[in-house]
Structure formats: structure tokens, C-alpha cells
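Colleague: I have a list of labels from this model. I would like the reasoning behind each one.

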Amino acid sequence: MANLLNPERSSSALNRLPQLRIGLLGFGTVGEGTYRMLEDNLASIRRKTGADLSVVRIGIRDEKKSRRAPRELFTADNMGIVIDPSIDLVVEAIGGIDPALSLVEAALDHGKSVVTANKEMMAKHGARLLEKARAKQIDLHFEAAVGGGIPIVQVLKHQLAGNDVPMMMGILNGTSNYILTAMSQEGRPFDEVLAEAQLKGYAEADPTNDVEGFDTMYKISILASIVYGGPVPLESVHREGITGVDAIDFEYADVLGYTIKLLGVAEELADGSVRVRVHPAFVPKAHSLASVNDVFNAVWFHGDFVGDLMFSGRGAGGDPTASAVVGDVIDVARNFAAKGTGSALPFDPPRAAAGMDDLVSRIYVRLDVLDKPNTLGRISTAFGDHNVGLAAMEMRTTDANHGEIAFLTHPVREAQFVAALEAVEQLDVVYGVGNWIRAIEVTK
Ligand code: NAP
Ligand code: HSE
């Protein structure tokens, strides 16, 4: 009799396992990593799933490229893979919308479960795709779309789902975190660190999605849609990137007790509305997110019963992302072996979206000013006239007539701060606003 705990089981035992035939779309960083992990760890994956998994076709674009997998697996006919009746599971690792979306839709229409790493597709079309999967009682999993190797999507869907979640936030873009960490620790300017990140292969040739906050917006929207049970329209998300952050902002942050991170934040307000935002944030040095550096990602979560949790790890790269994809493949394989039905997430209609005007936070603001004795008094008065309290201040002379003043306000409603800043900008002792950045608090 075959020993099911023995990875070298006899071929007759393997023959008795249900065969799960996988069509892999994309053989780049994530697709190749996924293929290699399924090959390298096949014996243990078979043991853990009770299914005999194999990648039987791989879809790519360029048939001339040399590949580290048998030539006969590859085809540029990606649609042929998804409609092939002998394929049970489609793993999508192409990225973007076209052709990934039509391939995934066709796979679901043909009754095949899908695993995808595609954050943009899930953020823009996830609700519709999940509805399709639910109607067909098949799986649609997307762990790798957020946080690379960090297990967060399935954890939010299952283990933490009983909690109400006043707030969740994350450092979700490795490229931006690498840039901000280098600016903070080495005092180097944005452009120089971005060029280095491109040379090292962290940032793409076109880094817009990373540094302008789109990538973080997709990821936090996906997490918020799981936690708050409904799709998050991307038009409702406030988004700012990191291109306006200056090396000097890190110096002021440091003396004020903070560092600067690009955060995706999702919060539920007392009226049931949900606010989702992406922007650089002053993070207190005592907050666990402050020590997440370089290309690492982290998700910080507050649940009403579980309290505070933080998950951190490698948010990108072939191997960590393959770990997330293969975790989803294993979920599908177990379901398949047990002849179960799919478990695609149910969604309610979108929640009302809260805007930024009523957000209350401390705000850091840096002003370029005329360096004269009455400057500080006039600026403080203008803020005071608009009920904006100043909690801390740093100033320095930059040249003969110029100075720079950095304030940290008391918690203030954002619309009130913006009105105050408009009045401050009109003062003849103020040359301009260098930058302003919202702060987050350490929760009790
Ligand atoms: P990649 O390295 O650029 O690989 C993309 C693959 O898709 C390539 O094999 C490419 O084919 C294929 N492809 C591109 N356009 C195609 C088309 N029109 N038709 C058929 N095949 C096409 O991308 P990646 O970094 O692996 O990312 C894949 C997905 O994973 C994206 O959704 C990304 O957001 C997500 N993700 C990536 C990471 C990461 O660290 N890279 C982490 C988490 C999630 P050729 O090989 O022929 O060019
Ligand atoms: N460009 C992304 C990042 C890759 O820098 O985090 C992972 O989604």
C-alpha cells in the first residue's frame, strides 16, 4: 500500500490522486517564480493537497524568448489555454488590464477557477469577476495582488473577518518605501534615489504607478473592499504620491519625532461611510510602521476584538510573490480534491465614501518666509484666527533674508487647515508653502 506521507510515493498512488491541470498565463518575474515553486516543491504540495498538480501550458507574448522551462509548454495563444477543456485552473501572471481581463473573464465563463496576482485588474474589475466566480461556484483568489509574499488577503477574508475594523493602513509599495528609506537615512534627494532604484531593478523604467501612489491605491482599495464588504470605487480614493517629499522634510520629521512613509489608509467612520486615502504621512517613530524599511511592505490592522496586528515581509519579487500565488493554488487544489464548490468573496454594494474635508489629523507644514522678527508672530496669528493650534515648531535661516519654518499643528479638520493655509500664504512675510503632510497617531 502506498504511504501518503512519503513524497516519493509510487506512481500508482499518484495515479489515484485527482489530476489538477494548470494553465499559467505569463512567465515573467511572478509566472516563472510560480512555475519554479510548483516544480521544486511538487512532492510536498501533492501531499498537502491530495491532488496531482501540473503546469500543462504556459502562455506568453514573445515566442522567441529563451525560457527556463520545457519549450513545448509555451504558446502565444493565451485564449487557447483558457478555453481548453482539459485545463482546470488558470493562473494569471500577465498584469494590467488588456489582455489579462478578457482572459480571466473567459476562464471564469468556461468554469475554470482562477488565481491572479493582478492588483490593477482586481481593484478595477474585482467585484464583477468575483460575482462571476460565485455564480459559477468556482474559486477566484488574489492573495499575491497585495503585499507580495505577505499573507494578508486570505487572513482578512477568513481569520479576521469577525472583527469590525475602525482603521487599517499599510506600506504597500516597495519601490516608494525604498526611496523614502534612503532619503531618510542618507539625506539624499528623491531624483537621485529613484535613479538608483531603477538601476537596481526595484523601480520600473516608468515608475509613475509606484511613486504617484497608483499601486498603493489599487492595493489599499482591494484590502478595504474585503474588510468593508463592498467594492471601493477608485474615483472615491484620495491619492497623492511621494514626488513632492523633499530631503529637508525628513530632517524636520526627525526632530519632531516622526519619519515619513507612503501609506494607504482605510477607515470606517461612525456614520458607516468609508474613507480610503493614499498619501505620504508623518509616522511617529514609536509606531510599528515606522521601522518598516527598504523594499519591505507591512499592513497594520486594528480590529475591535483582536486589537492591533501588523503583518510585514517582502512585498515584491519572484519568490515571495510565487509563495502567495502557490498558496492560492493549494487552496483551489484542496477544494478540487474534496470536490467542493468555490469560495469567491460575497460583496455588498459600495459603502458611502467619506471625503478628506472632515479628516482630523495633526499636520506638518513647511513655509519659506522672510526672516524678520515679526514673521513668526504674524503666521501664528493667521493660523490662530482660523482656529488652527500649533503644537511644535522648528525654524532655520536659509540665507540673508530667507528663513524656513516648520510647524506641527494640533489635530485639525482638514478643510479648516486648508482655509488657514490659504490665509497664511497671502501674508507678505510668506514666500511660499514648501510642503504639508498629514500625520498619523499611535493608537492607544
Ligand atoms: P513581467 O515580469 O513583466 O511578466 C509579464 C509576463 O506576461 C511575461 O511573461 C509576458 O510575456 C507576459 N505578457 C505580457 N503581455 C502579454 C500579452 N499581451 N499576452 C500574453 N502574455 C503577455 O510581470 P510580473 O512582474 O511578473 O507581474 C505579473 C503580475 O504580478 C502583475 O499583475 C503584477 O502587478 C503582479 N505582481 C508582481 C510583483 C512583482 O514583484 N513583480 C509582485 C506582486 C504582484 P513575455 O515573457 O513573452 O514578454
Ligand atoms: N511595483 C510594486 C512595488 C511591485 O514596488 O511594490 C509589487 O506589487
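Modeller: The model is predicted, and we can go through the two ligands, a helix pair and some backbone features.

Colleague: What makes the approach of Thr29 to ligand 1 a polar contact?

Modeller: The cut-off is 3.5 Å between N or O atoms. A backbone N or O atom of Thr29 lies 3.0 Å from an oxygen atom of ligand 1, so the pair qualifies. A polar backbone atom of Val30 is 2.8 Å from an oxygen atom of ligand 1, and for Arg61 the value is 3.0 Å, again from a polar backbone atom. Both are within 3.5 Å, so they count too. The protein buries 78% of the 910 Å² that ligand 1 exposes when taken alone.

Colleague: Which residues come nearest to ligand 1?

Modeller: Phe27, Asp62, Lys65, Arg67 and Gly317, out of 22 around ligand 1. By class, that shell holds nine nonpolar, eight polar and five charged residues.

Colleague: What surrounds ligand 2?

Modeller: The shell is Lys119, Asn173, Gly174, Thr175, Asp210, Asp215, Lys219, Gly315 and Ala316. Helices α8 (174–186) and α11 (214–227) each supply at least two of these shell residues.

Colleague: How do you know that Asn173, Asp210 and Lys219 make polar contacts with ligand 2?

Modeller: Set each distance against 3.5 Å. A polar side-chain atom of Asn173 lies 3.3 Å from an oxygen atom of ligand 2. An N or O atom in the Asp210 side chain is 2.8 Å from a nitrogen atom of ligand 2. In Lys219, a side-chain N or O atom is 2.8 Å from an oxygen atom of the ligand. Each value is within the cut-off, so each pair counts. Taken alone, ligand 2 exposes 260 Å², and the protein buries 82% of that.

Colleague: Why is Ala316 counted as nonpolar but Gly315 as polar in that shell?

Modeller: Ala is on the nonpolar list, while Gly is placed among the polar residues, so the two fall into separate classes. The shell of ligand 2 divides into one nonpolar, four polar and four charged residues.

Colleague: How is the packing of α2 against α13 described?

Modeller: Two packed helices are described by the angle between their axes and the distance between them. For α2 (residues 29–40) and α13 (residues 318–337), the angle is about 60° and the axes are 8 Å apart.

Colleague: Why is their crossing called right-handed?

Modeller: The label depends on the turn of the near helix from the far one: clockwise gives right-handed. The crossing of α2 and α13 has that hand. Residues in the contact include Thr29, Val30 and Gly33 of α2, and Gly318, Asp319 and Thr321 of α13. The contact is made up of seven nonpolar, six polar and two charged residues.

Colleague: What makes the Asp98 to Pro99 bond stand out?

Modeller: Most peptide bonds are trans. The bond joining Asp98 and Pro99 is cis, with omega about 10°. Pro99 sits in the loop between β4 (89–92) and α5 (100–109).

Colleague: Why single out Gln137 and Asn387?

Modeller: Most residues other than glycine have a negative phi. Gln137 has a positive phi of about 55°, and Asn387 has a positive phi near 65°. Gln137 lies in the loop between α6 (119–136) and β6 (140–141). Asn387 lies in the loop between α14 (375–385) and β15 (390–397).

Conventions
Residues are numbered from 1 along each chain as its sequence is written. Chains are lettered from A and ligands numbered from 1 in the order in which they are written. This is a predicted model: local features need pLDDT of at least 70, side-chain atom pairs count only at pLDDT 80 or more; totals for chains, interfaces and linings use all residues. Side-chain values use heavy atoms; hydrogens and water are left out. A residue is near a molecule or strand if one of its heavy atoms lies within 4 Å of it. A polar contact is a pair of N or O atoms within 3.5 Å; within protein, one must be able to donate a hydrogen and the other to accept it, and residues adjacent in sequence count only if both atoms are side-chain atoms. Accessible areas come from the Shrake-Rupley method with a 1.4 Å probe; for residues, only the protein chains shown count as cover. Axes are lines fitted to C-alpha atoms, for helices over the stretch in contact, and angles run from 0 to 180 degrees between N-to-C directions. Helices (H or I, at least four residues) and strands (E, at least two) are DSSP runs, numbered from the N terminus. Contact means heavy atoms within 4.5 Å.
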